[in-house]
Amino acid sequence: MDLRRLKKYCVDIIFCIDTTGSMSPIIKQVKDYALSFYDNVHYEMELQNKQVDQLRVKVITFRDLGCDGEEALTQSDFFVLDEQKTEFENYVYGLNASGGGDIPENALEAIVEAIRSDWTFEGAKKRQVVVVFTDAPALPLLERQSAEGYPADMPQNLDELNAMWMGTAPFGASSYDPEAGRLIIMAPDVEPWNEMFRTFERCWFKKVDKGTGLADVAMDDVINLIVKSIGGSQM
């Protein structure tokens, strides 16, 4: 394959992972794929005549801010792959499925935090990919506003979150490029996920069974979906 003819991308990927008690199956898969994630993405990209010049990965975890305290919403720095693959593996190996109380969870707040991450400014072709893993609905924005540790400057509803995604209402998203943004939702066919798929641009939706921890999802399929979203062809 002539690498000179490949389309080159700088790709940031943020995994927003529900780490409540039922999510052990997908968390185990993320752990198992941590060391090989870089190679798998590169391989699939080259099959699509694309090349990754820079790949960074970040993890945001979420539970319920009303009952899980400081563990309800956590985030790592970006890991530059392949150089920091061991650090990335060590971080994801520290993830455990626990807590959450009753469904739903604070997934939308995790997406907001992802959008306002320190995305890369490098590269003529950038992709800023947010991948959400959850087997539950999401709490409405601001539902847990009174909880300790609730993030400041949040959108009030899905319409405002959509405006943030489109870049018209930043809410602190200083390095986010809406043209580069790609949202992949691995979640049950319930609100707000189905509504977001209908109304958000550059959004891909993989429907999963509710309450099963995404046991019906394979990481190979996740990587294929990420690569397709980088190319921009809506499914």
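What follows is a chat between a visitor and a guide about reading side-chain features in a predicted model.

Visitor: Let's start with the nonpolar interior. How many residues does the largest nonpolar core have, and which of them have the most contacts inside it?

Guide: The largest core here has 39 residues, and F15, F37, F88, V131 and F133 are those with the most contacts inside it. Helix α7 (residues 219–231) gives this core its largest share, seven residues. There is also a second, separate core of 38 residues, with F78, I115, V132 and W193 among its members.

Visitor: Take F15, then. What is F15 in contact with, leaving aside its neighbours within four places in sequence?

Guide: With those set aside, F15 is in contact with F37, V57, K58, V59, I60, F88, V131, F133 and I226. F15 also belongs to an aromatic cluster, together with F37, F79, F88, Y91 and F133.

Visitor: That brings us to rings. What describes a pair of aromatic rings?

Guide: Two values do the job: the distance of the centres and the angle of the planes. By the rule used here, the structure has eight aromatic pairs. One of them is F79 with Y91, a tilted pair with 5.9 Å from centre to centre and 50° between the planes.

Visitor: Where do F79 and Y91 lie?

Guide: F79 is in strand β4 (residues 79–81) and Y91 is in helix α3 (residues 85–93), so the pair ties together parts twelve residues apart in sequence. F79 is buried at 9% relative accessible area, while Y91 is partly exposed at 26%.

Visitor: How should I read the pair F197 and F205?

Guide: Their centres are 5.7 Å apart and their planes meet at 50°, so this pair counts as tilted. F197 is partly exposed, with a relative accessible area of 32%, and F205 is buried at 14%.

Visitor: Rings can have charges over them too. Which charged end sits over the ring of F78, and which over the ring of Y93?

Guide: For F78, the charged end of R56 sits over the ring, 4.0 Å from its centre. For Y93, the charged end of K31 does so, at 6.0 Å from the ring centre.

Visitor: On to salt bridges. How many does the count come to?

Guide: The count is nine salt bridges. Let's begin with one inside a helix. An α-helix has 3.6 residues a turn, so residues three or four places apart point the same way. K28 and D32 are a case of this: both are in helix α1 (residues 24–33), four residues apart, or about one turn. They form a salt bridge whose closest N and O atoms are 2.8 Å apart.

Visitor: Are K28 and D32 buried or exposed?

Guide: K28 counts as exposed at 52% relative accessibility, and D32 as partly exposed at 44%.

Visitor: What about the rest of α1: which residues are buried there, and what covers them?

Guide: In α1, the buried residues are I26, I27, Q29, V30, K31 and Y33. Their cover includes β1 (7–18), α2 (37–47), α3, β5 and α7.

Visitor: Back to charges. How do I read the salt bridge of D64 and R144?

Guide: The side chains of D64 and R144 meet at 2.7 Å, N to O. D64 lies in the loop between β2 (50–62) and β3 (73–75), and R144 in the loop between β5 (126–133) and α5 (158–166), so the bridge ties together parts that are 80 residues apart in sequence. D64 counts as buried at 3% relative accessibility, whereas R144 is partly exposed at 23%.

Visitor: And which residue forms a salt bridge with D82?

Guide: That is K85, with the closest N and O atoms 3.8 Å apart. The cut-off for a salt bridge is 4 Å, so this pair is within it. D82 is partly exposed at 27% relative accessibility, and K85 is also partly exposed, at 28%.

Visitor: Last feature: how many disulfides does the structure hold?

Guide: Zero. Take C203, which is in no disulfide: the nearest cysteine sulfur, that of C16, is 13 Å away. A disulfide needs the two sulfur atoms within 2.5 Å, so C203 has no partner here. C203 is buried at 0% relative accessibility. C10 is buried as well, with a relative accessible area of 8%.

Methods:
Residues are numbered from 1 along each chain as its sequence is written. This is a predicted model: local features need pLDDT of at least 70, side-chain atom pairs count only at pLDDT 80 or more; totals for chains, interfaces and linings use all residues. Side-chain values use heavy atoms; hydrogens and water are left out. Buried means under 20% relative accessible area, exposed over 50%, partly exposed in between (1.4 Å probe, protein chains only). A nonpolar core is a set of buried Ala, Val, Leu, Ile, Met, Phe, Trp, Tyr and Cys residues joined through side-chain atoms within 4.5 Å. Helices (H or I, at least four residues) and strands (E, at least two) are DSSP runs, numbered from the N terminus. Contact means heavy atoms within 4.5 Å. Rings of Phe, Tyr and Trp (its six-membered ring) pair if their centres lie within 6.5 Å; planes under 30 degrees apart count as stacked, over 60 as edge-to-face and the rest as tilted. A charge sits over a ring if NZ of Lys or CZ of Arg is within 6 Å of the ring centre and within 35 degrees of the ring normal.
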